[in-house]
Each structure stands twice: as structure tokens, then as C-alpha cells.
Amino acid sequence: MWGIIFALSIWGLLAIYSSTGALAYKKNGGNVEIYLFQQAGLLLMGFMIMLAVHTIHYKYFIGISKILIWLTYPLLIYTLLFGIEINGARRWVSFLGITFQASDVAKLAIIMFVTRELARKQETIENFKKTFLPILAHITAICLLIAPENLSTALVLFATCFLILFIGRVKIRHLMLISGSVVLAGLLLFAFLFIVPEKAIKGMGRMATWKHRIETFGKPVNDSDKSYQNDHAKIAIATGGMFGKFPGNSTERNFLPEAYSDFIYAIIAEEYGLIGAVLMLMLYLFFLYRAIRIVLKSPKAFGALIAVGLSFSLVLQALINMAVAVNLFPVTGLTLPLVSKGGTSILLTSVAFGVIMSVSRYIELDEPNLEIESKENTNENLVLANEG
């Protein structure tokens with residue numbers, strides 16, 4: 001898993017160096033090295049965070065999760081009311097000169113909290129009122145606070161929590177109730193967007209953006225000027241071919257507005273070809289596979305749930321980013337973890353990776369003890385059987 005993280009980080013550095021030419025030309029006279037060193041510095045800090053977090057036993061995150069969830073609510077409310085608006089979305093807050101997305105903190109908080117509650121209440125997991133409903137209330141509240149300014153992140157987070165609930169042995173009929181409610185809410189929102197007049201929607205936050213992205217999704221290249229990003233992403237992928245144009249030879253990096261973040265996968269496909277694009281996809285999927293192996297080995301419910309929850313969240317975000325680049329999904333604004341140009345998002349992502357590695361580390365350290373305990377229990381059972 002460390003090897004996968006390292007490979008994605010190095011590949012991300014190469015992609016950032018290649019894709020920030022147009023940004024450097026506009027901002028600082030063409031000095032691309034600034035962005036390369038910024039990304040390298042953030043990744044180095046991220047690795048230090050991962051190393052520090054992975055040395056902490058994952059059981060200590062049980063207590064941290066309870067504090068973090070109650071800090072998340074005022075943070076999200078503050079972001080909605082007074083957050084910094086960038087590219088038409090109020091998702092960022094500034095604290096002590098550091099700007100970050102509140103949803104990144106919320107993602108860690110709710111995943112850790114849900115895993116904590118499920119691990120603590122396994123004996124009453126089938127009780128709808130005492131166990132399921134309180135957990136669902138927190139999930140819904142957090143996602144609703146994120147959704148107005150960052151719908152894609154809210155949906156990814158909800159899907160992650162749904163998976164955790166499934167693995168946490170929540171009743172299928174309770175999960176079916178959630179699924180039906182989400183589908184109904186989605187249909188109502190879709191109907192609302194296309195029934196209410198365009199002028200009315202423009203005054204309702206991000207709803208106009210959502211409608212525009214749905215309308216332009218899948219349109220032909222010359223159908224609409226509004227599909228500019230998708231069109232150039234398709235051109236980048238098409239011209240990359242099987243083997244690509246090789247690193248540093250992208251042409252679409254000069255046309256894609258978010259070539260270094262939202263559409264960095266299109267630039268990778270252009271420069272490294274289909275082979276490189278598939279290889280990057282396999283790296284994320286292999287990371288998820290290793291996380292599932294952790295779950296199968298984990299003797300504790302909390303360790304298993306938090307590892308698979310955080311891993312699934314990161315990998316699902318990566319898959320959606322790739323799907324947007326190849327025009328399978330409408331534009332969402334989700335970045336490619338460890339690869340896209342980032343700021344504090346890289347550091348918070350590093351915390352998530354660190355927690356996953358903590359579970360992996362302490363399971364490996366505890367395995368010999370578990371084997372000894374298992375042998376001792378077996379011997380005791382044999383003695384008792386002989387005595388009987």
C-alpha cells in the first residue's frame with residue numbers, strides 16, 4: 001500500500017509539472033517550477049502526516065471521532081453562511097491563514113463516527129430506533145449541509161456511509177428504505193430543476209450549475225459552447241491513443257481550464273495513452289483490494305470498518321474523477337487523490353491514508369499474538385475434551 005501511495009504521488013508530480021503551463025503563463029510569467037515545488041512540498045508534508053498517524057493505534061480514533069463530529073456541524077454551517085467563494089461555490093473557510101474545504105474535514109468525521117457507532121452497537125444493530133436511526137440522522141445532516149455547495153462530495157460521502165452500514169450488518173430492509181428515499185429525493189430534485197423556470201433557478205445557489213451540467217452531459221462536440229471542458233477532455237483522450245504523446249507533450253493542457261485538477265486524468269491519458277490511463281485505474285483498484293484484505297484480517301469491527309470506509313471513499317472519488325474525464329459522468333469538481341494539484345486537501349487526504357495504514361500496521365503486529373491465543377485456546381479445548 002505504501003508503494004501504491006508513492007507511485008501515485010510521483011506520477012501526480014509529473015502530471016502537475018506538465019499540466020500547469022497555461023496557469024503559470026497567466027499567473028507568474030511561465031514559471032512552472034513554482035507549482036512543481038508547491039506540490040512536492042505538500043506531498044512531503046502529507047507523507048510526514050501519514051507516517052505520524054500510522055504510528056497511532058487505530059483504537060484511539062474512537063474517542064477522536066466523537067469530538068470531531070460535533071466540531072464539524074458548526075464548521076459546515078459557518079462555511080454555508082460565511083465561507084470563501086471560489087469558482088461560484090462557497091466551499092472554503094480560512095483559519096489562521098490556512099484555507100481548506102470544510103467537506104474534507106466532514107468526510108473524516110462522519111466516516112470515523114459511523115464506524116465507531118456500528119462497532120459499539122453490534123449487539124443492538126437490528127434495533128431501528130436505538131441504533132440505526134441516530135446513525136442515519138448524523139449521516140443525513142452532514143450530507144445535507146455539504147450538498148448545497150458540493151453535491152458530488154455529499155453523494156460520495158453518502159454512498160461510502162451506505163457501504164459501511166452494509167458491512168456493519170445493518171438490516172437489508174433498513175438499507176432498502178434508505179435507497180428508496182434517496183432515489184425519490186433525486187427524482188424530485190431532477191423534476192424541480194426542469195420544471196421551475198430558468199430565471200427562478202438562477203437565484204437558488206448551485207442549482208443552475210447542476211442543471212447546466214445535466215443538460216450539456218453527452219452532447220456532441222459542436223453542439224454547445226457550454227460543453228467546452230468535456231469536449232477538450234475527449235480530444236485529449238482521443239489524441240493520446242494507445243501509447244500516448246509521452247510526458248510533457250500534451251497540447252490540450254493549454255485549453256482545459258482545470259487540466260491540473262478536475263481533468264488531470266485526461267492529460268494523463270493524452271501523455272501516457274490508454275496503457276497509462278488503465279495502469280492508474282488499476283493502482284487505485286489494487287489499493288482498494290489491499291484495504292479489503294485488511295478488513296478480512298482485522299479482529300476488531302472498528303478497524304475493519306474505518307479501513308474500508310476511508311479506502312472506498314478515496315477510491316470512489318478517484319473513479320468519479322476518471323469517469324468525468326472520459327465523459328461517463330457530468331462534471332463534478334472532484335479531484336484525483338494524491339495526483340491532482342491541491343492544497344490542504346492533500347494533507348487531509350494524507351490523514352485518511354495514515355488511518356488506513358494504522359489499521360494495517362497494528363493488525364500485522366497483533367497477528368502473532370492472535371495466533372498464539374488461538375493455539376492456546378485450541379489446547380485448552382483439547383484438554384477439556386479429554387477430561388470430559
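On a 1 Å grid over the protein atoms alone, a cavity is a set of points where a 1.4 Å probe fits but cannot get out, whereas a pocket is an open set with protein on both sides within 12 Å along at least five of seven lines, and lining residues are those with an atom within 4 Å of a point. The model is predicted, so local features are given at pLDDT of at least 70 and side-chain atom pairs at pLDDT 80 or more, while totals for chains, interfaces and linings use all residues. Residues are numbered from 1 along each chain as its sequence is written, and side-chain values rest on heavy atoms, with hydrogens and water left out. Helices (H or I, at least four residues) and strands (E, at least two) are DSSP runs, numbered from the N terminus.

**Enclosed cavities**

- Searching the whole structure yields two cavities of 30 Å³ or more, where a volume is the space filled by probe spheres set on grid points that are joined across faces, edges and corners.
- The largest cavity holds about 90 Å³ of space, and its lining consists of Leu76, Thr79, Leu80, Arg90, Arg91, Gln101, Ala102, Ser103, Leu145, Ile146, Glu149 and Asn150.
- At least two lining residues of the largest cavity come from each of helix H4 (61-82), strand E2 (89-95), helix H5 (102-120) and helix H6 (128-146), with H4 providing the largest share, three residues.
- By residue class, the lining of the largest cavity comprises five nonpolar, four polar and three charged residues; here Ala, Val, Leu, Ile, Met, Phe, Trp, Tyr, Cys and Pro count as nonpolar, Asp, Glu, Lys and Arg as charged, and the others, Gly among them, as polar.
- The second largest cavity contains about 50 Å³ of space and is bordered by Ile4, Ile5, Leu8, Tyr284, Phe287, Leu314, Val315, Pro337 and Phe353.
- Two or more residues of the lining of the second largest cavity are given by each of helix H1 (2-19), H12 and H13, and H1 gives the most, with three residues.
- The lining of the second largest cavity is made up of nine nonpolar residues, with no polar and no charged ones.

**An open pocket**

- The second largest pocket encloses about 1,200 Å³ of space, and among its 34 lining residues Leu151, Ser152, Leu155, Gly186 and Leu189 lie nearest its centre.
- Elements that give two or more residues to the lining of the second largest pocket are H6, helix H7 (151-167), helix H8 (172-195), helix H10 (207-216) and H13, of which H8 gives the most, with nine residues.
- The lining of the second largest pocket divides into 24 nonpolar, six polar and four charged residues.

**The bent helix H12**

- Helix H12 (residues 264-297) spans only 35 Å between its end C-alpha atoms, whereas a straight helix of 34 residues would span 50 Å at 1.5 Å a residue, the expected span being 1.5 Å times one less than the number of residues.
- At glycine 273, H12 bends by about 130°, a value that is the angle between axes fitted to the seven residues ending there and the seven starting there.

**Positive phi in the loop between H13 and H14**

- Asparagine 327, placed in the loop between helix H13 (301-325) and helix H14 (344-387), has a phi near 70°, a positive value in a residue other than glycine.
- Asparagine 327 has 15% relative accessibility and therefore counts as buried, a term that means under 20% relative accessible area, with exposed over 50% and partly exposed in between (1.4 Å probe, protein chains only).
- Leucine 338 is also found in the loop between H13 and H14; its phi is near 70°, again positive in a residue other than glycine, and at 4% relative accessibility leucine 338 counts as buried.

**Buried residues in the N-terminal numbering range**

- Threonine 115 lies in helix H5 and is buried, with a relative accessible area of 0%.
- A polar atom of the threonine 115 side chain lies 2.7 Å from the backbone oxygen of methionine 112.
- Serine 65 lies in helix H4 and is buried, with a relative accessible area of 0%; serine 65 and isoleucine 110 are 45 residues apart in sequence and 7.8 Å apart in space, C-alpha to C-alpha.
- Valine 32, in the loop between helix H2 (21-28) and helix H3 (33-54), is buried at a relative accessible area of 13%, and valine 32 and serine 19 are 13 residues apart in sequence and 9.0 Å apart in space, C-alpha to C-alpha.

Note on methods
A polar contact is a pair of N or O atoms within 3.5 Å; within protein, one must be able to donate a hydrogen and the other to accept it, and residues adjacent in sequence count only if both atoms are side-chain atoms.
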